[in-house]
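Q: I'm new to this one and would like a close look at a single part of it. Could you take me through one pairing slowly, and then show me what lies around it?
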Amino acid sequence: MAKLGTRKYSLWFPLVANLLLPIASEVFAHKIAQNPNIVGAYIIFFDVAFTIYFAFRDGMRAGFISTFGAVLYYFYIVFTRHYKGQQFFSAVETIFMLALVYAVIALIIGWLKERIDTLIQKEMDARRLAEEGKVRLQTILQQLPVGVLLVTADGGLEGNKQTEKILGRKIEKTLPMDKGYLSPYPYRLNNQLKQKEWPIIRALQKGEIVKAEEIEYRQSDKKRLYLRVNAAPIRNKNKKIIAAVSTLYDITQEKEAELRKDDFVNMASHELKTPLTSMKLYIELLAKQLGTYNDEKAIRTIQRIKRQTEKLQELVNDLLDVSRIHTGKLLFKQETFQISDLIEETVETLQATTQGHKIIFAEKQPFLVYADKFRIDQVLTNLITNAMKYSSENKDIIIRVGKEKEYAVVSVQDFGIGIAKEQQKKIFDRLYQVTGNTEKTFPGLGMGLYISREIIKRHKGAIWVESEKGKGSIFYFRLPRVRSGN
Ligand code: ADP
């Protein structure tokens, strides 16, 4: 039935057909049929057929039209054939019986037909909506300025235009796993990245959720891109991974600007370093010469100039370190030494620079570490000077050394302004300083803790803080201990 599911029912066709049927029946009865006894059977057969056909074609109402047409025709027969008495009554009775049968047929078949149409219609609507949704989603994906890549568990691959632009080639429909399709030339921190190390493959195979991972990617024409990649697995109802999706942002321009900035900072700090070194030498020379004149005021002034020059030098060195960290050029000269000895030296040096704070090395323990002495001194100095900077002069600063499994743990405690919980992670980020309406501003650029974290991280250690606002902070760092001699 061509009209199945359309619900466009016509009542004209059943009306006309049911008008023509009695005419055809009359012609048949009077002109064609030889045996008048079978005419009735033929008529009933056609009426049943019409009722079924129209109910199924145009629904219940069309079925009832057939029923109504047949009943009218039967009355026409009864009156035109002049039935009388008993014959008339039994004819009318038969008509009612047949009318009932036809009506039931029209009702059941018409109702079924309408149900089927409704169901088919619903199904088609749902399918159309899904189709439209798919097209809409695909259009959005195609137009997105980020690359979107989808890999299914059986290796099916889909990607938008931006992905093709980023990868520098057409997306194949299947992922040739063995050929390392995703990784002809991708790198991360200058190391080649195998296909199974790509975020999307890790999401697919291990269920990892990868957030903002930066990788370098070299297109086949050697053009180098920096990408920021996110990836996540897609699971079915049973939590089984069926696919993974990944977004790729091209951050090359951002990255290159950052590298140019780092280059500039690096160059500028190098340029500043040389004149500063000579300045300090001349100041020391001048101080020595002034010493012979016994001019207290001049000596104090020159000491202040010296201290300010040293501060400038520290700042320039920090700037240099930050750019070294960024360009991967922070190098270490490692040796084995007693961490407590180093702390003692650092405390002594720093104690000499302050009259107010008392720096107490409370718990000494003889732990050997294998590290860059100069750099660990830098971390210690940074933590202790911060402790002095962020606590008032009459407060003590307490340093302790302890052990935790295979690590030596150093802590620097102050009783100063403290750090709010939500700031505690951020203070180790580059150029991060706690500022707020109530915060007093302290001089500094927020580089110290960032450099310290990088130094400790590169020594396979960790650095963290415990603090309560208004009560003080304890900064900890740990370094792997050297077993022998402990
Ligand atoms: P700087 O001290 O030059 O601003 P740092 O990287 O050493 O930079 O420190 C980052 C921020 O962490 C500081 O600006 C300060 O807000 C906070 N901070 C560091 N040490 C302490 C401390 N001992 N007590 C309170 N706040 C601190």
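Which side chain does Arg478 meet in a salt bridge?

A: Arg478 pairs with Glu404, and their side chains meet at 3.2 Å, N to O. Before going further, bear in mind that this is a predicted model, where local features need pLDDT of at least 70 and side-chain atom pairs count only at pLDDT 80 or more, while totals for chains, interfaces and linings use all residues. Residues are numbered from 1 along each chain as its sequence is written, and side-chain values use heavy atoms, with hydrogens and water left out.

A salt bridge here is a side-chain nitrogen of Lys or Arg within 4 Å of a carboxyl oxygen of Asp or Glu. In general, side chains of opposite charge can pair when their charged atoms come close. What makes the Arg478 pair worth a look is how far along the chain it reaches: Arg478 sits in strand S14 (residues 472-480) and Glu404 in strand S11 (residues 396-404), 74 residues apart. (Strands are DSSP runs of E, at least two residues; helices are runs of H or I, at least four; both are numbered from the N terminus.) Arg478 is partly exposed at 22% relative accessible area, and Glu404 is partly exposed too, at 35%. On this scale, buried means under 20%, exposed over 50% and partly exposed in between, with a 1.4 Å probe and protein chains only.

Now for some other pairs. Arg453 and Asp429 meet at 3.8 Å, N to O, and they also link distant parts of the chain: Arg453 is in helix H11 (residues 448-458), and Asp429 is in the loop between strand S12 (407-414) and H11, 24 residues apart. Glu123 and Arg127, at 3.2 Å, are another story: they are four residues apart in helix H4 (residues 85-143), so about one helical turn separates them. The full count comes to 26 salt bridges.

Back to the neighbourhood of Arg478. Phe477 touches, among others, Ile376, Leu380, Val410 and Trp464, leaving out residues up to four places away in sequence; a touch is heavy atoms within 4.5 Å. Phe477 is also one of the best-connected members of the largest nonpolar core, which has 42 residues. Such a core is a set of buried Ala, Val, Leu, Ile, Met, Phe, Trp, Tyr and Cys residues joined through side-chain atoms within 4.5 Å. Helix H10 (residues 373-389) gives the most to this core, with seven residues.

H10 turns up again at the ligand, where H10 gives the most to the surrounding shell, with three residues. Among the 20 residues around the ligand, those that come nearest include Asn386 and Leu449, where a residue counts if one of its heavy atoms lies within 4 Å. The side chain of Asn386 has an N or O atom 2.8 Å from a ligand oxygen.

Key: A polar contact is a pair of N or O atoms within 3.5 Å; within protein, one must be able to donate a hydrogen and the other to accept it, and residues adjacent in sequence count only if both atoms are side-chain atoms.
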